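Here are my notes on the model you sent round. Please read them with the structure open.

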Amino acid sequence: GWAYSAKGDHVHALMDYNRAIARNPDDATSYNDRGHSYAEIGDLDNALADFEKAITLKADYALAYSNRGWVLAQRDKHAEAAASFSEALKIEPQSASDLNSRGYSLVKIGEYDRAIADFDEALKLEPAHPFAQQNRGWAYWQKGDLDRALADLDGALKNSPDNVNILVDRGAVLDDKGDHGAAAATYDKVLALKPDNANALNGRAWAYAQLGQLDKALVDAERAVALNPKEPNTIHTRAWIYTSKGMLDLALADFDKALSIDPELAGAYSDRGHAYELKGDRDKAIADYRKSLSLKSKQLYDNKAKDEALKRLTALASATPTEVEKPIPKLEPVADLPKVEKRVALVIGNGAYTAVSALKNADADARAVAASLRSLGFDVIEKHDLTLTALIAELKGFGDKAPAYDWAVVYYAGHG
């Protein structure tokens with residue numbers, strides 16, 4: 001069975017492993033090896049069952065724990081995968097492969113510092129590890145440390161200059177740094193090596209779009225979607241381009257499709273909200289902005305999109321036009337906002353003027369915005385009808401307070 005497996009003939013390998021297990025049903029190695037062949041043909045359920053059986057038969061079987069972790073990672077159960085790799089590392093603590101694999105799953109669940117520590121240790125044990133430096137760069141990227149991310153990816157490229165996966169990651173980091181020209185050039189290199197690489201086409205489409213080259217961006221996006229029609233981020237990119245070109249119905253159809261595939265894309269909700277706002281559908285825009293803010297960020301773009309969602313949501317919540325007398329929609333509290341971000345807002349409503357005409361809506365607008373911001377997790381400092389001296393003092397005090405927070409918002413309703 002092992003010989004067949006080494007040749008890639010997993011059908012015959014499975015037949016031989018079945019015979020071996022029938023002869024010796026307590027042989028942990030046979031279960032582990034059969035699990036490997038099941039995994040290679042995509043039968044992850046049977047693979048997982050075999051690795052579990054191997055561990056039951058041999059509690060100190062490090063390779064079975066590693067293989068179980070790999071299958072769990074393939075099924076996007078990364079917390080369980082990390083735990084399985086940890087069991088393997090208890091038995092073989094010097095395994096650079098298990099450290100790298102655990103680090104990968106830790107990145108997937110957002111534990112970036114632990115992941116980076118694993119990649120550091122893997123590289124100490126095996127400086128030429130084929131994936132650890134690339135994965136550490138990916139971890140830094142997800143953490144938002146773009147300079148270190150780029151340094152690691154460039155270091156990985158020295159050992160593998162034509163590795164398209166590293167190049168695609170490098171292009172994405174450059175995009176997040178705002179260097180869209182360099183990002184497009186990096187994707188050009190990928191596409192010279194692999195003309196049908198959907199990730200590179202999607203990345204270049206985004207870079208072109210940020211450079212204002214929307215027609216070129218749409219050509220790349222169309223190709224990327226055709227190559228990978230079930231990838232939600234690619235569909236999201238095309239939707240963003242459609243929105244920028246004013247093709248709002250096509251954009252909304254793409255946003256709907258992307259979110260049907262992955263309902264947890266915070267950035268897509270924010271961007272769909274923008275498309276709804278452009279179409280004049282204020283209620284749907286508000287609902288999407290709120291949904292975006294309720295979701296955990298999966299990538300750096302989500303953070304930027306959520307920033308924009310908050311700005312637009314605040315503006316819409318306060319924009320009760322005087323020419324249309326209707327109340328500001330009440331925003332219900334969002335249940336699952338990230339708890340790690342500290343948010344503060346200063347909201348001022350000045351309407352009771354004496355030297356100039358009073359403003360009947362300023363006080364109500366400020367109260368509505370303050371309530372909305374509280375529902376979004378902000379510590380709100382709410383003030384009304386301040387004198388000029390008091391207004392200046394509040395702004396100065398808020399300026400001193402704001403650096404301690406991740407987000408700081410000032411809203412003022414009154415005469416300019």
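The points below cover the nonpolar cores first and the salt bridges after that.

1. Please keep in mind that this is a predicted model. Residue numbers start from 1 along the chain, following the sequence as written.

2. The largest nonpolar core holds 70 residues. Trp141, Leu310, Val347, Leu373 and Phe378 have the most contacts inside this core. Its top contributor is helix H11, residues 164-177, which supplies seven residues. Another core lies apart from the largest one and has 11 residues, including Leu14, Val71, Ala73 and Phe85.

3. Trp141 deserves a look of its own. With neighbours within four places in sequence set aside, Trp141 is in contact with Leu146, Ala149, Asp169, Ala172, Val173, Asp176 and Leu300. Trp141 is also one of the residues with the most contacts inside the 70-residue core.

4. There are 29 salt bridges in the structure. Three of them are taken up in the next points.

5. Asp152 and Arg136 form a salt bridge in which the closest N and O atoms are 2.6 Å apart. Asp152 sits in helix H10 (residues 146-159) and Arg136 in helix H9 (residues 132-143), so this salt bridge ties together parts separated by 16 residues in sequence. Are the two partners buried or exposed? Both Asp152 and Arg136 are buried. The pair also belongs to a network of salt bridges that links Asp120, Arg136 and Asp152.

6. Lys383 pairs with Glu394 in a salt bridge whose closest N and O atoms are 3.8 Å apart. This pair links distant parts of the chain, with Lys383 in strand S2 (residues 379-384) and Glu394 in helix H21 (residues 388-401), 11 residues apart. Why is Lys383 counted as partly exposed? The reason is that Lys383 has 29% relative accessibility, and the partly exposed class runs between the buried limit of under 20% and the exposed limit of over 50%. Glu394 counts as partly exposed as well, because its relative accessibility is 23%.

7. Helix H21 also holds both partners of another salt bridge, Asp400 and Lys396. Their closest N and O atoms are 3.7 Å apart. The two residues are four apart in sequence, about one turn of the helix. Asp400 and Lys396 are both exposed, whereas Asp152 and Arg136 are both buried.

Technical notes:
Predicted model: local features only at pLDDT ≥ 70, side-chain atom pairs only at ≥ 80, totals over all residues. Heavy atoms only, no water. Core = buried A, V, L, I, M, F, W, Y, C linked by side-chain atoms within 4.5 Å. Buried < 20%, exposed > 50% of the residue type's maximum accessible area, 1.4 Å probe, protein only. Contact = heavy atoms within 4.5 Å. Salt bridge = Lys/Arg side-chain N within 4 Å of Asp/Glu carboxyl O.
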